[in-house]
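Here is a short tour of one protein chain, moving from its interior out to its loops. Keep the viewer open as you read.

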Amino acid sequence: TSEGEFFLKADATNKAQFEKFGSRPFSPDKTKKPMNYWLVAEEVLADGALLQSLASRAVRLAQLAPLLL
């Protein structure tokens with residue numbers, strides 16, 4: 001479940017940053033393929049600069065997504 005969790009958009013260029021903190025991709029349920037949104041770890045939430053960096057990248061990815069279709 002994603003209740004009470006915070007996810008950001010990720011792709012191959014920044015997925016490793018999320019994995020480094022033990023994050024996992026969002027999956028609506030166990031039968032569906034995980035999506036390109038990754039859980040933001042507590043450690044990241046506590047570090048404003050790191051959170052801002054990951055969030056800024058996620059926004060850029062979301063803005064580019066329609067162009068990549």
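Which residues make up the largest nonpolar core? In this predicted model, that core has nine residues: L8, A10, F18, W38, V40, A41, V44, L54 and A58. A good place to start looking is L54, which touches L8, F18 and V44 from the core, and Q17 as well, leaving aside residues up to four places away in sequence.

**Overall fold**

Now zoom out to the whole chain. Three helices and two strands form the secondary structure, and from the N terminus on they follow the order β-α-β-α-α. The radius of gyration is 12 Å, close to the 11 Å that the globule rule gives for 69 residues, so the chain is as compact as a globular protein of that length. Its C-alpha trace spans about 30 × 30 × 20 Å along the principal axes.

How much of the chain is buried? Of the 69 residues, 23% count as buried. The protein chain exposes about 5,000 Å², and carbon and sulfur atoms supply 57% of that area. If you take the contacts between residues at least 6 apart in sequence, 49% of them join residues at least 24 apart. As for charge, there are 9 positive and 8 negative side chains, and the centres of the two sets lie 9 Å apart.

**Two residues in one loop**

The loop between α1 and β2 is worth a visit. In sequence, α1 covers 15-20 and β2 covers 37-39. S23 has its place in this loop, and P28 lies there too. Is S23 buried or exposed? S23 counts as buried, because its relative accessibility of 11% falls under the 20% cut-off. P28, by contrast, is partly exposed, because its relative accessible area of 42% sits between the 20% and 50% limits.

The table sets these two loop residues side by side, with contacts that again leave out residues up to four places away in sequence.

| Residue | Relative accessible area | Contacts |
|---|---|---|
| S23 | 11% | F18, W38, L39 and A41 |
| P28 | 42% | K33 and M35 |

Three of the partners of S23, namely F18, W38 and A41, are listed in the largest nonpolar core. For P28, you can also look across the model to S53: the two are 25 residues apart along the chain, and their C-alpha atoms are separated by 26 Å.

How values were computed:
Residues numbered from 1 in each chain as written. Predicted model: local features only at pLDDT ≥ 70, side-chain atom pairs only at ≥ 80, totals over all residues. Heavy atoms only, no water. Core = buried A, V, L, I, M, F, W, Y, C linked by side-chain atoms within 4.5 Å. Buried < 20%, exposed > 50% of the residue type's maximum accessible area, 1.4 Å probe, protein only. Contact = heavy atoms within 4.5 Å. Helix = DSSP H or I, 4+ residues; strand = E, 2+ residues; numbered from the N terminus. Rg over C-alpha atoms; globule rule 2.2 N^0.38 Å. Areas by Shrake-Rupley, 256 points an atom, 1.4 Å probe, with all protein chains shown as cover. Lys, Arg positive; Asp, Glu negative; His and termini not counted. Charge placed at Lys NZ, Arg CZ, Asp CG, Glu CD.
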